[in-house]
Amino acid sequence: MKKLYDLTYWLKANSNINEEEEKILNLLKKFDVDIIYTIAPRKRNFAYRINDEIYGFLGSIFFNTTAKEIIAINQALKEIKSILRFLIIKRKTLPLAIQKLITRESSSVDQDKNLVLNESQ
């Protein structure tokens with residue numbers, strides 16, 4: 001049975017952020033994963049040095065998968081050299097802020113569809 005998980009990760013400062021984010025998403029897609037929402041990596045300062053780095057890029061991906069797949073995903077993420085740290089958390093629900101963003105995005109898509117339909121009539 002699939003459950004909700006949150007992958008939060010730190011990328012090295014000298015990484016090609018878009019390329020590395022795409023690499024992580026492609027890795028997840030290789031497994032039995034349904035991606036729900038992605039928060040693009042943003043530059044953040046560390047509270048302490050990690051491998052002589054003082055800042056990095058923090059991103060998150062919310063997805064559904066089985067517990068068995070998490071073990072394989074964990075091992076595969078360890079092989080990506082541009083990831084300084086990562087954490088996979090099992091969640092009961094999406095954070096409220098993410099739920100609001102998803103609702104807003106889906107309602108704006110519905111409004112856009114209605115606008116296109118009204119203009120074409």
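I began with the two helices and noted that α1 and α2 are roughly antiparallel to each other, a label used for angles over 145 degrees, where under 35 is roughly parallel, 65 to 115 roughly perpendicular and the rest oblique. The model is a predicted one, in which local features need pLDDT of at least 70 and side-chain atom pairs count only at pLDDT 80 or more, while totals for chains, interfaces and linings use all residues. Residues are numbered from 1 along each chain as its sequence is written, and side-chain values use heavy atoms, with hydrogens and water left out.

**Helix pair.** I looked up the packing of α1 (residues 17–30) on α2 and found an angle of about 150 degrees, with the axes 10 Å apart; axes are lines fitted to C-alpha atoms, for helices over the stretch in contact, and angles run from 0 to 180 degrees between N-to-C directions. Helices here are DSSP runs of H or I with at least four residues, and strands are runs of E with at least two, numbered from the N terminus. On the α1 side I listed I24, L27 and L28, which meet I73, A76 and L77 in α2, contact meaning heavy atoms within 4.5 Å. By class, I recorded 6 nonpolar, no polar and no charged residues in the contact of α1 with α2.

**Sheet.** I then traced the open sheet, in which 4 strands follow the order β2-β3-β1-β4 with antiparallel pairing; two strands pair if DSSP finds at least two bridges between them. At the edges I noted β2 (34–50) and β4 (83–91), each of which pairs on one side only. Between β1 (residues 3–12) and β4 I found 8 bridges in the antiparallel sense, and here W10 stands opposite R85 in β4. Helix α2 (residues 67–78) packs on the sheet and touches β1, β3 (53–65) and β4, its direction making about 170 degrees with that of β4.

**Residue L58.** I placed L58 in strand β3 and entered it as partly exposed because its relative accessibility is 26%, where buried means under 20%, exposed over 50% and partly exposed in between (1.4 Å probe, protein chains only). L58 and T8 lie 50 residues apart in sequence, yet their C-alpha atoms are 7.2 Å apart in space. Leaving aside neighbours within four places in sequence, I found L58 in contact with T8, Y9, W10, A40, P41, R42 and R44.

**Whole chain.** I closed with the protein chain, where 3 helices and 4 strands run β-α-β-β-α-β-α from the N terminus on, and where 35% of the 121 residues count as buried.

Key:
Nonpolar A, V, L, I, M, F, W, Y, C, P; charged D, E, K, R; others polar.
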